[in-house]
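I opened the notebook to record, entry by entry, what I looked up in this model.

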Amino acid sequence: MSPNSNYNTAGEATSSTGSLVLAWLVVGIPLAWGVSQTFIKALALFK
Amino acid sequence: MAEFSLLDRSRTIAPPGYNRWLVPPAALAIHLAIGQAYAFSVFNKPLGSLISGDPAAPAPTDWTPTQIGFTFSIAIVLLGLSAALFGKWLERVGPRKAMLASALCFGGGFLIASLGVSLHNIWLVYFGYGFVGGIGLGIGYISPVSTLIKWFPDRKGVATGMAIMGFGGGAMIGSPLAVALMNHFKASAPQGVAPTLICMGIIYFLFMQFGVWTIRVPADSWAPAGYVPNQEHSALITTANVSADNAIKTPQFWLLWVVLLTNVTAGIGVLETASPLIQDTFSDKAMGAGLGVTAAAAAGFVGLLSLFNLLGRFFWSSASDKLGRKVTYAIYFGLGILLYASIPTLGHNLQLTLYVVVACVIISMYGGGFATAPAYLSDLFGKYQVGAIHGRLLTAWSTAGVLGPLIVHVLHDSAKERGLAGAAAYQNVFYTMAGVLVVGLLADLAVTAVNEKYHEKGPVVVEAGGH
């Protein structure tokens with residue numbers, strides 16, 4: 001195992017979780033919006 | 001001074017304890033932005049009626065659909081060329097500088113294109129969106145790939161699948177965004193196009209900054225906790241490294257080039273014709289009055305294909321971590337041959353639901369082919385210059401971007417000249433694409449481990465990985 005492997009202390013882990021959620025929201029929200037728009041358009045095929 | 005630059009690779013090395021799952025969002029920020037290119041067609045009608053103001057009745061001086069379509073072709077060709085040309089530079093300078101260059105080119109391309117629209121100068125649009133923007137596409141596409149592979153040596157397919165999924169998703173954001181902005185600016189500029197392009201250039205540049213400033217590379221000695229190099233498919237997963245210059249001397253590189261070329265050529269065949277294809281095959285004439293597929297429903301079909309293009313990138317690439325890359329591509333081709341060959345029959349029998357399902361699976365494998373390629377390259381050539389090798393491989397995409405539509409148009413036009421209509425007019429297109437996939441399958445099956453004479457001798461500095 002590498003000496004620089006990913007061991008987090010409790011404080012680092014909390015900060016990391018917050019950053020992680022924020023980072024995924026930044027890209028996830030526009031992507032979810034785009035997917036929902038496409039899905040609405042696709043529904044026309046089944047009407 | 002350069003040593004203190006925030007853009008330097010040395011400033012992007014992650015500190016101990018850094019969570020590697022922060023890296024995919026940085027990559028996604030770039031790919032979601034540049035994926036807008038797939039939605040360029042949303043500008044076709046507005047750009048073709050800047051003078052007349054009425055898309056249904058363009059003026060003689062308005063740009064033709066062919067003239068406008070050329071913009072996208074230039075962008076895709078430049079994507080492949082710049083990915084090939086700048087791949088080694090990217091490996092040297094690291095992902096942050098490359099992502100910034102991509103953001104400047106991609107965002108700047110919109111601004112130049114906007115000027116071209118305002119001056120009604122198509123050459124400026126070609127230069128802006130096609131040439132400058134296309135360079136942004138190429139650098140942006142490959143910029144996070146080698147970094148992701150280094151962070152996720154145990155899940156290469158998952159990691160690259162996530163990023164490249166963003167390229168598929170970019171059109172889903174770019175298309176409704178452009179429509180909303182054009183509607184907003186319609187009163188102040190012809191079709192609202194020029195201000196829309198300015199806004200999009202700024203929005204995308206800023207959005208890409210999230211990726212630029214959050215991307216991190218792992219330290220040289222870093223490895224995931226408990227990671228042991230995967231030996232499951234050991235024959236095709238090397239622990240050695242091959243340089244980009246040596247990689248293109250190997251038969252394996254060119255076999256993968258053919259693999260990507262054939263997979264993309266066939267997929268573009270469906271994407272290119274999706275809307276007219278389903279309307280012609282399931283027309284009122286074939287289905288009965290009022291029962292045929294309408295233009296709105298056809299747009300829904302195109303949307304559904306985009307969704308499966310996106311999902312396939314993540315699903316298939318992730319699956320390749322378990323199945324192995326060679327087997328995964330063999331599935332793309334083997335299953336693809338059967339599905340492409342079945343499309344004409346499903347059309348003749350008017351089996352709409354099954355037809356849509358088959359088309360969606362086909363497109364999922366088209367997307368999967370893009371997303372699995374970097375991991376396949378890393379398996380065969382190592383991590384050393386995988387970004388640069390990937391860049392060179394993308395010239396296959398540029399070639400397919402010309403070849404796929406050409407095959408479709410020639411065969412479809414020829415069928416129409418012979419008086420064929422509906423599903424029959426597309427029959428030869430799908431049978432030919434099934435044949436194209438046979439070539440791809442043979443190329444994939446011929447892939448073996450790279451000869452040791454191409455391996456780098458001694459330890460190498462895995463450049464984008466930091467040191």
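**Helix H16 of chain B**

I looked up burial first, and in H16(B) the buried residues are Ala396(B), Trp397(B), Ser398(B), Ala400(B), Gly404(B), Pro405(B), Ile407(B), Val408(B), His412(B) and Ala415(B); buried means under 20% relative accessible area, exposed over 50%, and partly exposed in between, with a 1.4 Å probe and protein chains only. I keep in mind that this is a predicted model, in which local features need pLDDT of at least 70, side-chain atom pairs count only at pLDDT 80 or more, and totals for chains, interfaces and linings use all residues. Residues are numbered from 1 along each chain as its sequence is written, chains are lettered from A and ligands numbered from 1 in the order in which they are written, and side-chain values use heavy atoms, with hydrogens and water left out.

I then checked the extent of H16(B): it covers residues 395-417, 23 residues in number, and its first and last C-alpha atoms lie 33 Å apart, close to the 33 Å expected at 1.5 Å a residue (the expected span being 1.5 Å times one less than the number of residues). Helices here are DSSP runs of H or I with at least four residues, strands are runs of E with at least two, and both are numbered from the N terminus. Just after H16(B), I noted a positive phi of about 85° at Gly419(B).

**Helices H7 and H14 of chain B**

I next followed H7(B), residues 156-185, and H14(B), residues 352-381, whose axes come within 8 Å and cross at roughly 140°; the axes are lines fitted to C-alpha atoms, for helices over the stretch in contact, and angles run from 0 to 180 degrees between N-to-C directions. From the H7(B) side, Lys156(B), Gly157(B), Thr160(B), Gly161(B) and Ile164(B) meet Phe370(B), Ala371(B), Pro374(B), Ala375(B), Ser378(B) and Asp379(B) of H14(B), where contact means heavy atoms within 4.5 Å.

**Positive phi outside glycine**

I recall that most residues other than glycine have a negative phi. His120(B) nevertheless has a positive phi near 50°; this residue sits in the loop between H4 (95-118) and H5 (122-142) of chain B, and I found it partly exposed, at 24% relative accessible area. Leu350(B), also not a glycine, has a positive phi of about 55°, lies in the loop between H13 (325-348) and H14 of chain B, and is partly exposed at 31% relative accessibility.

**Asp284 and Asn19 of chain B**

I placed Asp284(B) in H11(B), residues 284-287, where its relative accessible area of 40% makes it partly exposed. Leaving aside neighbours within four places in sequence, Asp284(B) is in contact with Ala289(B), Gly290(B), Leu291(B) and Gly292(B). I also noted 8.8 Å between the C-alpha atoms of Asp284(B) and Thr294(B), which are 10 residues apart along the chain.

Asn19(B) belongs to the segment before H1 (23-34) of chain B and counts as buried at 14% relative accessibility.

**Chain A**

I closed with chain A, which has 1 helix and 0 strands, and of whose 47 residues 23% count as buried. UniProt, in an unreviewed entry, lists residues 20-46 of chain A as "transmembrane region"; its positions are given in the numbering used here, feature names are shortened, and annotations may be inferred rather than shown by experiment. Over residues 20-46 of chain A, I read 89% helix and 0% strand, with the end C-alpha atoms 38 Å apart.
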